[in-house]
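Visitor: I'd like to go through this one with you and ask why things get the labels they do.
Guide: Sure, bring it up and fire away.

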Amino acid sequence: MSIMDLAALQKILSALSGARIACVGDLMVDRFVYGDVTRVSPEAPIPVLARKRELVMLGAAGNVARNAAALGGEVCLVGMIGGDPEGVEALRLVKAEEGVEGFVVTDAARPTTLKTRFVSGGQQLLRVDMETSGPASGDVEQRLVRTVRDVAKDAGVILLSDYGKGVVTAAVIEACRASGALMIVDSKARSFARYGAVDIVKPNAAELAHATDMPTQTDAEVEAALAHALTVCEAKAILVTRAAKGISLAVRGEPVRHFPGVPREVFDASGAGDTTLAALGVALAAKVDVSDAIEFAMLASGVAVGKAGTAVVTPEEMIEASITAHMAPAEAKIATPQRMADEIARWRAKGLKVGFTNGCFDILHRGHVAYLTQARAWCDRLIVGVNSDRSVRALKGEGRPVNDLESRAMVLAGLGSVDLVAPFDEDTPIALIEAARPDVLIKGADYAESEVVGGDFVKSYGGEVRLAQLVDGYSTTAAIARMQEKA
């Protein structure tokens, strides 16, 4: 199956506005501490993380709510926090989420669930959890039940996030089912039977294996595990997410349907299941056909795993992902300034060194190829700013460029040394350089370092300017002169 085409995607996105969603379940605070590891501690054989920055965001049911709202849903969030500073942080984060109305119950006797991840070079080094797993009870449980009853009245879909941290009790489940809304459960539980006759239970492959004590690697194994799971629970359907292998859906009384995935570069899988749940729920609340809703959810999760942390996915990002997926590989390298900035953020989160160079690149020749190869050797990712047609004319005069912007950008993007091509219309690339903040700015050795546009800016924050050697006898001007002589 290919990625959803743009027309189908836009049709779904236009239907999502105003879809009413109730997100119920365990509310967490996700903290990501990013830094560099360059040495081992003398006190113990462990890496020393030099902290650089920190991100704090809502996780679990909170992340589901964030994603549902980002896709256009009207979202009510029901969860539980403790009477601690982390609970205050969680409330602040809920209030800051546009499109999310929070109904949070406080249990002063327990801590707010906090997951702190330490990350270096795109890899998690350690996760530290602060939590209590005991179920809510007494007055706290009754407040949760009353809150669920209130918010579920007008919901088209209830998304139940059961991370086993106390919110999803039998009474809360019954309150959700009693609303009559379509109900999807994201379950980490050993048994799916506790949810009763819900519409969909959504485990991942590992969770399905855990719940059934059966392997879930191949399609045949997944089919057998799903068949067994349906015999021991009352759910109308079970949908299992299988990372790059896609999604498999078992509806009671029907053959299992497989929705193959599309290979994606995975940067951070944190919260990808939450994104899948949110996208699926919002689409079904908008009365989208289940097959299309699944494809929509797969596209959303594919975007999510390419971002740092428990990140939300926007309609604009899904549209760009759909467009990019249907492009040739070279076309996918041509970026707007905004997409350039987004790509750089991803690269930097992985600890990659970013380089930037620019030019007209009118008739690409051997000298250009050698120059760009040398530039790429000085960085992990190379961005090439390329002048627009108007900008080339302003620099080179009438009759230039010989090749239009689209042709020049496509040829550059086809080079293995080039990771991204960013067109610009201004007379100089300074705006692109300021947006990119490259670690190394590269120009040809026919410039003095003091003449390089953006050089002072790059050096002001610790970046460097490097001058690449040029191949004698090769230039666009000389190539044009030779063509004119032959004519």
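Visitor: What is the order of the five strands in the open sheet, and is the pairing parallel or antiparallel?
Guide: The order is β16-β15-β14-β17-β18, and the pairing is parallel. Bear in mind that this is a predicted model, where local features need pLDDT of at least 70, side-chain atom pairs count only at pLDDT 80 or more, and totals for chains, interfaces and linings use all residues. Residues are numbered from 1 along each chain as its sequence is written, and side-chain values use heavy atoms, with hydrogens and water left out.

Visitor: What makes β16 and β18 the edge strands?
Guide: β16 (420–424) and β18 (464–468) each pair on one side only. Strands here are DSSP runs of E, at least two residues, numbered from the N terminus; helices are runs of H or I, at least four.

Visitor: Why do β14 and β15 count as paired?
Guide: Pairing takes at least two bridges found by DSSP, and six join β14 (residues 354–359) to β15 (residues 381–387), so they qualify. Within that pair, Phe356 stands opposite Ile383 in β15.

Visitor: How do you know that Cys76 is in no disulfide?
Guide: A disulfide needs two cysteine sulfur atoms within 2.5 Å. The nearest cysteine sulfur to that of Cys76 belongs to Cys23, 8.9 Å away, so the pair fails the cut-off. The search of the whole structure finds zero disulfides.

Visitor: And why is Cys76 called buried?
Guide: Its relative accessible area is 9%, and buried means under 20% (exposed is over 50%, partly exposed in between; 1.4 Å probe, protein chains only). Cys360, at 12%, is therefore buried too.
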